[in-house]
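I opened my notebook to look up a few places in one model. Each entry says what I looked for and what I found.

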Amino acid sequence: MTSRSRPVPGPSSPWDGEFARYFGERAHSLRATAYLLCGDWHRAEDLTQAALLKLYLAWPRLSRHDSLDAYARKIVLRTFLAENRRSRWKRERLTDAPPDVPARDAETEHDMLVRQALAVLAPRQRAVLVLRYFEDLSVDETAATLGCSTGTVKSQAARGLATLRNRLGPHFAAVAVSGGR
């Protein structure tokens, strides 16, 4: 191994146990964030798996394990944004036809309306709203996660919220931002 090469995870890497614990504790939360970003559970699972694979490969180089949640969330977000840039023209288009599988029982009509409204937003606006209002990050934390200025976060949030209010109507204004909580 040269001085520039990094350790390659093997069948039983020394950090497997630590990563497995982290995976068990945080995979569900990361999947929920991915779902809010993309609006599809299957795609959210793919985003989460890709992000966790990237995290696993970077694990031995991470010196601060106290900020893993922010780092993992950033990986999910960047994977989502990169996928949207790559596959903008290849992705299936939504239709008015009902889905092949029944909707989840736990999802209320309100949740469904908010998620449908989120789906029409530009990916950056959706990312800002998910991080700010569903992940409850501050403007500064959101800007750091997205790698942009706080002004960009504020303007993207304002535009995204205006679009949501326009699509959902005035009676949803207060509830839409809180994610129905």
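**Entry 1: a loop residue.** I started at Asp136, which sits in the loop between H5 and helix H6 (139–146). Helices here are DSSP runs of H or I with at least four residues, strands are runs of E with at least two, and both are numbered from the N terminus. I looked up the backbone of Asp136 and found a positive phi of about 60 degrees, although Asp136 is not a glycine. The place of this turn in phi is just after H5. Is Asp136 buried or exposed? Asp136 is exposed, because its relative accessible area is 64%. The cut-offs I use are these: buried is under 20% relative accessible area, exposed is over 50%, and partly exposed is in between (1.4 Å probe, protein chains only).

**Entry 2: what I am working with.** This is a predicted model, so I note the rules: local features need pLDDT of at least 70, side-chain atom pairs count only at pLDDT 80 or more, and totals for chains, interfaces and linings use all residues. Residues are numbered from 1 along each chain as its sequence is written, and side-chain values use heavy atoms, with hydrogens and water left out.

**Entry 3: confidence.** I looked up pLDDT, the predictor's confidence in each residue, from 0 to 100. The chain averages 80, and 75% of the residues score at least 70. I marked two stretches where the score stays low. Over residues 1–5, pLDDT stays under 50, and the model has two contacts beyond four places in sequence for them. Over residues 174–181, pLDDT also stays under 50, and there the model has 12 such contacts. A contact means heavy atoms within 4.5 Å.

**Entry 4: the whole chain.** I counted elements next. The chain has eight helices and zero strands. From the N terminus on, I read α-α-α-α-α-α-α-α. Of the 181 residues, 37% are buried. I also checked how far along the chain contacts reach. Among contacts between residues at least 6 apart in sequence, 64% join residues at least 24 apart.

**Entry 5: helix H5.** I went back to the helix before my loop residue. H5 covers residues 123–134, which is 12 residues. Does the length agree or disagree with what is expected? The expected span is 1.5 Å times one less than the number of residues. For H5 that should be 16 Å, and the end C-alpha atoms are 15 Å apart, which agrees. Nine of the 12 residues are buried, so H5 is largely enclosed by the rest of the structure. Among them are Gln125, Arg126, Ala127 and Val128.

Phe134 is in H5 too. Phe134 counts as buried because its relative accessible area is 12%. I then looked for a partner far along the sequence. Phe134 and Leu36 are 98 residues apart in sequence, yet 8.3 Å apart in space, C-alpha to C-alpha.

**Entry 6: helix H4.** I picked Ala117, which is in helix H4 (residues 109–119). Ala117 is buried, because its relative accessibility is 4%. Which residues does Ala117 touch, not counting those up to four places away in sequence? Ala117 touches Leu164, Arg167 and Leu168. Leu164 is 47 residues away along the chain, with 6.0 Å between the two C-alpha atoms.

**Entry 7: helix H2.** I chose His42, in helix H2 (residues 41–58). His42 is exposed, because its relative accessible area is 65%. His42 and Arg31 are 11 residues apart in sequence and 9.8 Å apart in space, C-alpha to C-alpha.

**Entry 8: cysteines.** I searched for disulfides, meaning pairs of cysteine sulfur atoms within 2.5 Å. I found zero. Cys38 is buried, because its relative accessibility is 12%. Cys148 is partly exposed, because its relative accessible area is 23%.
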